[in-house]
Amino acid sequence: MKIEKIPEFKVLIDESKCIRCKICVNECSFGALRYDKKKNKIVSKDWLCVACLRCVAKCPTGAITITRNPISLSPHDYWTERVRRDIWIRAETGSPRLVSMGTNLNYPSIFDHLLLDACQVTNPPIDPLREPIELETYLGDRSISVHSEDPLGLMIEVPIIFGAMSYGSISLEAQKALAKAAKELGTLMNVGEGGLHPDLYPYGDNIIVQVASGRFGVHRDYLNAAAAVEIKIGQGAKPGIGGHLPGEKVTAEISAMRMIPEGTDALSPAPHHDIYSIEDLSQLVYAIKEATDYSKPVFVKIAAVHNVAYIASGIARSGADGIVIDGFRGGTGAAPQVIRDNLGIPIEIAIAVVDDKLREEGLRERVALIASGGIRNSGDVAKAIALGADAVAISTAALVAMGCTLCQHCYTGKCPWGIATQDPKLRARLNVDEAARRVVNLVKAWSTELKEILGALGLSSIEGLRGNREKLRGIGLDELTLKMLGVKPAGR
Amino acid sequence: MSWGARVKPRPEERSRVPDACAIAAVASLSGNLVPGSGIVEMLKAMGPRYNGLGGGFAAYDVYPDFPDNFVLHVMFEDEGSRREFERRLGEKFRVAFSEEVPTRSGVFEEHPITWRYFLGEGGEGFEERVFRFVMAVDEGIDGAYVVSSGRNMAVFKGVGRPDKVAEFYKVESYKAAMWLGHGRYPTNSPGWWGGAHPFNILGLSVVHNGEISSYGISKRYLASKGYKFIFLTDSEMLSYAFDYLLRVEKLSVDEACKVLSPRFWKEIGNGNEFLKRLRIRYQELHVNGPFSIAVGMRINGDLYMLSLTDRLKLRPLVVGMSDDLFMASSEECGIRAIEPNVKKIWRPRAGEPVLVKVKRSEN
Amino acid sequence: MTVFEIDCRGLNFKAVNREIKKAAERGEKHLRLLNVNGQRYICGGLKGEVKVEIHGFPGNDLGIFMDGPMVEVYGNAGDGVGNTMNSGHIIVHGDVGDVVGYSMRGGRIYVRGNAGYRLGIHLKEYGEKKPIIVVGGEVGDFLGEYMAGGVVVVLRLESDGAIESRFIAAGIHGGRIFVRGRIDENRLGFGAAVSDLSEEDYGLLEELVRDFCRVMKCSSRGVSSEEFVKIIPVSKRPFEKLYHQTSIKVP
């Protein structure tokens, strides 16, 4: 056995519980389980196991346990097991490693070093059970005069939208579930850059369509079918590099959506070839506005990078109605590991400096700010909004709500939960209605939690939290970081 | 030389102080001049609402000899600050008349000196010039603070019970068409004289009761529009918010109230496009959290008195009307203290502005 | 048939396009834009069968997202002609700028003169929809970069000898490029290869050259299908081996 195949996980099957039903064998899309007729038992190829836990969830008798492989490499806190494995894989293949989901490295989380305030005596908390608390959120240009008749942007009922995930990176079923959920919640989902499937057109009022560098599936009717159009410049997981949907995922249906021949790689180059500079961005923003008769807000999505404040300021001057900023923890269907793990900056800092810069330049009211990339719970939502975001976009959390266990193997196209796959057999595993119900539930629960937070802060609407950094205190953050966040240390 | 009392915090000393209060306001609807003793009586009736760490008054149409002059009331910690202020003032404006604001000795052991400067000009763009000058002084001269800057009006305030502050400034000796009064209950005692209410900018003065939960974002918004925050109090922010909406954005008083205390989205619905636009455009100035306020203002020469509560009605407000007087107060006893048989008395609904116009006084 | 004229002097792009849309919605079938100079997005997102003559210099993104119209420019045009165009026809009697036909999905662009850099980048193709670009003169570098489908023809009517463009068809993974004249292999980009022409190629080229010369009122004499070099993708998946797909392969 080659050294890189030393299994990371171990499949343990309790012989006394196993009834040899072979359900686990069929459920494992990675081929890690096999029924051995001679021995009349399930045997595992542990090096193929990705710890997705599909077999564990489906085993009728609870006979399966997945553990970390207890075989331990000689300990070394610098040359960790991960480091050594990464080298072995490259040594064997000569290629960069492709990975999925947001970075799994242990970078410090700023969200986890921020605490929210609460009312005590000097002002009263508001009780969300009895009193109205509003989460309605406006996304768009707010600088237009109140007496103007220019169209307004979009009102959404919760400050949470679903981030861009293309048909190709996720299944049509997963996209449908998000569209249904967005409609029920009165919010938006984003179809990413893979075109808009005919089944999703009825959900147009709740959909953001994307114009990315590959321009897949982009045409006049596509732009006009949606509530808003997003120009994708970058993505937190892979800033500065293009997208790459491997040919094996370009099925007949996906090729039709993307308007490329079946089986070819769908390549999104790193830049838009009509945007080599900031004034070119403005050209594309207005091209889209012309094609949609100025009836749709145009958002621009960028990855949070070092100069994000200046970049955002340039975008706000380009005529765009919103900026989506994706932090370095943002997820991906597939990205080169070295890019995902080393590029970009945290969303918390990015939102703070962008909000500051836009206010300093008098541009904040021209654009909505949407924060994404690592929003895990309603506490993160509240903190992102207090730092200055109008709303957040969630993607990984929505997939986890559908049943994703974050095995981080989306790039293989073998998602056993029917989410990040185009295999018809696997796709059939995702029940659209059930997945939509769970996503709706997640956002409803978070909304209730947000109202509880607002109530504790004595606020009857989310506007009072937006950019209100008085409501945040930092713990364990250095002085410069606190200054950049515009947040005082706890106790002050 | 320093006189011992502080007028304002230095930048490194600035911090937010929660406070609670009694507010009171009285205006003559016909523009008659009423003596300052009334507003003092109103506040005295609400003694338990303040703790002696701040009191103050605003008076409109108070200088009959200078009816059209902008007048700056400026507190000084020391003689050096006054000299620096007067040097800068002389560079920017012609002063028609100036004098030290008379005070009674023996009321406070330590106190700053207040001067008033009647500016001898006016006309197009003058308000904006005064505004910029006030901001520059507040931010730029350590021992000076402009407590009021409107036309024919004054603010008297200090650290102490409102009746003591009144005694100190001889408030009973002034007559005005419109008065605001305030008794403060801060949680601690920073001791800056400028931090007492009312807060004023140009013709606009605010007394406030409550703590504004959305203060942080409103402050950031107004700071980006050029407003300087020295005291980090809600009333300072509210005076700027009104000034911005009325003077800069040219909204009507009613529209400004709908910005500060908006209807709920469900009430706005899809029908009222204007209310929707108003709420979206100025979302940072949606004043969230408990407040009741009385605001005195001069718009295009006319005096107005406004009272308003937050949209959840988390702070008290009572208003009363007699033949010539309009009164607003935190508690009914304030009104009864000066008009025991007030004709009409009511509690305005949440977020519903009560606005009265003071007839232009003929004298 | 009547021609509806729009004088574009002093109008900004918003106004020009509003006039065009209004006229098209009214049922005008033939528009003539006069005194155009620099207005962007002309016919952007315009749908339907309408002929639009442009006299003057149209700004960038001429015909972006366009779906059906026939646009004829009597002069030069800027960058981004036919950007993400869906169907229709753009004829330019002069030169065009960079990034012409970016991600174009269908329809045709004919350019009588020279074209700039990145012509036909990311050209698409699906089913019946096959975008075609024909250039009468020379083209800049990165011709047909990232091409995923469709046909690009470079006639070089005024030139002899080898083409000077560099990095031709870098990243190409679909479609065909025909260049008249010689081509040095070192001018090709990653993933591109020279190939022999098929019978179908000859037929297509003859049809395109005839149609181009008819539209441009030029002579096709001296242009022989034999003179063309064909450039094709080496693979539908030029970057297949770039990344290591699965960390663990079944032994």
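This passage walks through a predicted model of a complex with chains A, B and C, from the overall assembly down to single residues.

Start with how sure the predictor is. For the complex as a whole, the ipTM comes out at 0.84 and the pTM at 0.90. Chain C has an average pLDDT of 91, and 97% of its residues score at least 70. The exception to keep in mind is residues 246–251 of chain C, where pLDDT stays under 50. For that stretch the model has 8 contacts beyond four places in sequence. Where pLDDT is low, the predicted coordinates should not be read in detail.

Next comes the question of who touches whom. There are 2 pairs of chains in contact, and chains A and C share the most contacts. Chain C puts 45 residues into that contact, and chain A puts in 38 residues. On the chain C side, the residues facing chain A split into 15 nonpolar, 18 polar and 12 charged. Chain A also meets chain B, with 28 residues of chain A in contact with 26 residues of chain B. Here the chain A side is made up of 8 nonpolar, 9 polar and 11 charged residues. Chains B and C, on the other hand, do not touch: 25 Å separates their nearest C-alpha atoms.

Chain A itself is assigned domain 1, covering 3–95, and domain 2, covering 111–489. The C-alpha centres of these two domains of chain A are 35 Å apart. Their contact draws 9 residues from domain 1 of chain A and 7 residues from domain 2 of chain A. On the domain 1 side, those residues come to 6 nonpolar, 1 polar and 2 charged.

Chain C is built from 2 helices and 11 strands. Following the sequence, they come in the order β-α-β-β-β-β-β-β-β-β-β-α-β. The radius of gyration of chain C is 19 Å, close to the 18 Å that the globule rule gives for 251 residues, so chain C is as compact as a globular protein of that length. Laid along its principal axes, the C-alpha trace of chain C spans about 65 × 50 × 30 Å. Of the 251 residues in chain C, 53% count as buried. Take the contacts in chain C between residues at least 6 apart in sequence: 42% of them join residues at least 24 apart.

In chain B, two helices deserve a closer look. The first to consider is helix 4, residues 162–169, in which Pro162(B), Val165(B), Ala166(B), Phe168(B) and Tyr169(B) are buried. These residues sit on the same side of helix 4 of chain B, because they cover an arc of only 160 degrees around the axis. What they pack against is a mix of elements of chain B: helix 1 (37–44), strand 3 (55–60), strand 8 (153–158) and strand 10 (178–186). Right after helix 4 of chain B comes Lys170(B), which has a positive phi, near 60 degrees.

Helix 5 of chain B, residues 215–223, is mostly covered, with 8 of its 9 residues buried. Among them are Tyr215(B), Ile217(B), Lys219(B), Arg220(B) and Leu222(B). The buried residues of this helix pack against helix 6 (234–248) of chain B, and also against helix 10 (347–360) of chain A.

A few backbone details round things off. In chain B, His197(B) and Pro198(B) are joined by a cis peptide bond, with omega at about -5 degrees. Pro198(B) belongs to the loop between strand 10 and strand 11 (199–201) of chain B.

Two arginines, one in chain A and one in chain C, also stand out. Arg20(A) is not a glycine, yet its phi is positive, about 60 degrees. Its place is the loop between strand 1 (9–13) and helix 1 (23–27) of chain A. Arg20(A) counts as exposed because it has 12 C-beta neighbours inside 10 Å. Arg118(C), not a glycine either, has a positive phi of about 60 degrees. This residue lies in the loop between strand 6 (108–111) and strand 7 (132–135) of chain C. Arg118(C) has 26 C-beta neighbours inside 10 Å, so it counts as buried.

Methods
Residues numbered from 1 in each chain as written. Chains lettered and ligands numbered in written order. Predicted model: local features only at pLDDT ≥ 70, side-chain atom pairs only at ≥ 80, totals over all residues. Buried ≥ 20, exposed ≤ 12 C-beta atoms within 10 Å, placed from the backbone. Helix = DSSP H or I, 4+ residues; strand = E, 2+ residues; numbered from the N terminus. Arc of directions from axis to C-beta. Rg over C-alpha atoms; globule rule 2.2 N^0.38 Å. Nonpolar A, V, L, I, M, F, W, Y, C, P; charged D, E, K, R; others polar. pLDDT = per-residue confidence, 0-100. Domains from an automatic or database assignment.
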